[in-house]
Amino acid sequence: MVRESARDFAEKRLKALAQRLDEEEEIPRELYAEAAGLGFLGLMLPEEYGGLGLDYASYVIAMEELARGSAAFQVGVTVHNSLVCSAILRFGSEEQKRKYLPRMARGEWIGAYSLSEPGSGSDAGSLTTSAVEEGGTYKVNGTKAWVTNGGFADVFLVFVSTNRELKNKGISCLIVDKGLSGLSVGKKEKKLGIRASDTREISFRDCRVPKGSLLGKENEGFKIALTQLDNGRISIAAQAVGIAQAAFEEALSYAKARQQFGKPIAEFQATQFKLADMAVGIEAARLLTYRAAALMDRGLRCTKEASIAKLFASQACNRTVYDALQIHGGNGFIREFPIERYFRDARVTEIYEGTSEIQRLIIAREVLRDSSRAA
Ligand SMILES: Cc1cc2nc3c(=O)[nH]c(=O)nc-3n(C[C@H](O)[C@H](O)[C@H](O)COP(=O)(O)OP(=O)(O)OC[C@H]3O[C@@H](n4cnc5c(N)ncnc54)[C@H](O)[C@@H]3O)c2cc1C
């Protein structure tokens, strides 16, 4: 049911709009309202907070289908769900849950996740945005980079240093409402792919955030960031599967329709081998993604499996869009055909929520740890 409803929305609304959104580099807020009406902005939230109460596996299936329609739209939805809503659900006080979650499930408030900074990306623990306690508030100063949904978000999860000496053990997480004095939103980044997604810098200049906005405990923010990234990585794996599936479907129908040397190019073995490799990559990526989601649903630690899914799916996606574009020949290189957009959108799946290099570091660390435990 989840897949059908997400596919229906993706086919009827997202696919139809994706090219225009890409050209205009903007997603109308109404589209989020529509998605909220179908439950996509509170998929995993319990019903008492206005969500659908679905498990992570269902969520991943929905994200895969939305990405098949528009990866630029889907990424904003995953940040909202798996990075922001799920963090508030897991680490928030009852008061925070009641304040934020029902409004977020209804799409009245959209979430953004601010971990990265101009000077700290892969090494997120070296962030420098500071929060100093002063008269019942935190005085926040610093700049955050790459904030997805940044231009229209209502709720920002912001990771700040509350004790610089403790390095990543001195990081805390604040829930920051938009409109606070001292919080400013920068210009929209002009991107290669997922162009409609709103990506910005945000800056804090003596911004006073109430102390009650602390999510979880002080100096335990890095744990929140890492826990949420396991979630987020599986969502990006699902995004990669969705983009790859869309590119594969385009390549398949183009190969059957396009004739050269008196026959459809699908009859050439060179084309068939590309299609076969795409099918293998997508199926394997999908299964790895579902496995990680199933572990998450069972409450098991799945850092390694989330990274394996993200690494494999993002690389399979990039190989798929490359071959799918090749099958289109010159037509793959122009904007008349959606493959050109899939090719651009795929690239970022190897960058955000931890680059492919960082996924390899995590996987290596985990397998080495497993092997020394077994010894
Ligand atoms: C479109 C987009 C949206 C984003 N949305 C968000 C968001 O909503 N919230 C958020 O907090 N962040 C967001 N990000 C930031 C994203 O998570 C970072 O870009 C990513 O983590 C990489 O950091 P960096 O860009 O600073 O690259 P760097 O960390 O500077 O890395 C540069 C290169 O060095 C390599 N490298 C770095 N360290 C190592 C190492 N130890 N070993 C081997 N290689 C290494 C990297 O793999 C990469 O190839 C977004 C980014 C993009 C592009």
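**Note on pockets, cavities and selected residues**

1. The residues lining the largest pocket divide into 23 nonpolar, 15 polar and 11 charged. The model under review is predicted. The space in this largest pocket comes to about 1,500 Å³. Its lining holds 49 residues, and Leu229, Arg233, Tyr352, Glu353 and Gly354 are the closest to the centre.

2. Several elements contribute to that lining. At least two residues each come from H4, strand S1 (111–114), strand S3 (137–148), helix H6 (221–257), H9 and helix H10 (356–374). The largest share belongs to H6, which supplies 6 residues to the lining of the largest pocket. Leu229 and Arg233 are among the residues closest to the centre of this pocket.

3. The second largest pocket has a volume of about 310 Å³. It is lined by 14 residues, and those nearest its centre are Met44, Tyr56, Ser86, Asn231 and Met296. Here H4, H6 and H7 each give at least two residues to the lining. The largest share is that of H4, with 5 residues. By class, this lining has 7 nonpolar, 4 polar and 3 charged residues.

4. On the ligand: 17 residues lie around it, and Tyr113, Ser122, Trp146, Thr355 and Glu357 come nearest. Some of the surroundings involve backbone atoms. A polar backbone atom of tyrosine 113 is 2.7 Å from a nitrogen atom of the ligand. For tryptophan 146, a polar backbone atom is 2.8 Å from a nitrogen atom of the ligand. An oxygen atom of the ligand lies 3.0 Å from a backbone N or O atom of leucine 115.

5. Turning to enclosed space, how many cavities of 30 Å³ or more does the structure hold? There are 2. The largest cavity has a volume of about 50 Å³, and the second largest has about 30 Å³.

6. The largest cavity is lined by Ala18, Leu21, Asp22, Ser70, Ala71, Ala72, Ile194, Arg195, Ala196, Arg341 and Asp345. Helix H1 (2–24), helix H4 (71–91) and helix H9 (339–347) each provide at least two of these residues. Which helix gives the most to this lining? H1 does, with 3 residues. The lining splits into 6 nonpolar, 1 polar and 4 charged residues.

7. Around the second largest cavity are Ala67, Arg68, Gly69, Ser70, Ala71, Ile243, Arg341, Tyr342 and Asp345. Helix H3 (56–69) and H9 each supply at least two residues to this lining. Its classes are 4 nonpolar, 2 polar and 3 charged. Ser70, Ala71, Arg341 and Asp345 appear in the linings of both cavities.

8. Two residues deserve a check of their backbone angles. Most residues other than glycine have a negative phi. Lysine 167 is not a glycine, yet its phi is positive, at about 50°. It sits in the loop between strand S4 (155–161) and strand S5 (171–177). Is lysine 167 buried or exposed? It counts as exposed because its relative accessibility is 63%, and the cut-off for exposed is over 50%.

9. The other case is aspartate 206, with a positive phi of about 45° although it is not a glycine. Where is aspartate 206 placed? It is in strand S7 (residues 199–210). Its relative accessibility is 47%, so aspartate 206 counts as partly exposed; that class runs between the limits of 20% and 50%.

10. Threonine 289 lies in helix H7 (residues 269–297). With a relative accessible area of 1%, threonine 289 is buried, since buried means under 20%. Which residues does threonine 289 touch, not counting those up to four places away in sequence? They are Val60, Ile234, Ala237, Ala238, Val241, Ala309 and Ala313. H7, the helix that holds threonine 289, also supplies at least two residues to the lining of the second largest pocket.

Terms used
Residues numbered from 1 in each chain as written. Predicted model: local features only at pLDDT ≥ 70, side-chain atom pairs only at ≥ 80, totals over all residues. Heavy atoms only, no water. 1 Å grid on protein atoms, 1.4 Å probe; cavity = no way out; pocket = protein on both sides within 12 Å on 5 of 7 lines; lining within 4 Å. Points joined across faces, edges and corners; volume = space filled by probe spheres on them. Helix = DSSP H or I, 4+ residues; strand = E, 2+ residues; numbered from the N terminus. Nonpolar A, V, L, I, M, F, W, Y, C, P; charged D, E, K, R; others polar. Buried < 20%, exposed > 50% of the residue type's maximum accessible area, 1.4 Å probe, protein only. Contact = heavy atoms within 4.5 Å. Near = heavy atom within 4 Å. Polar contact = N/O pair within 3.5 Å; in protein donor to acceptor, adjacent residues only side chain to side chain.
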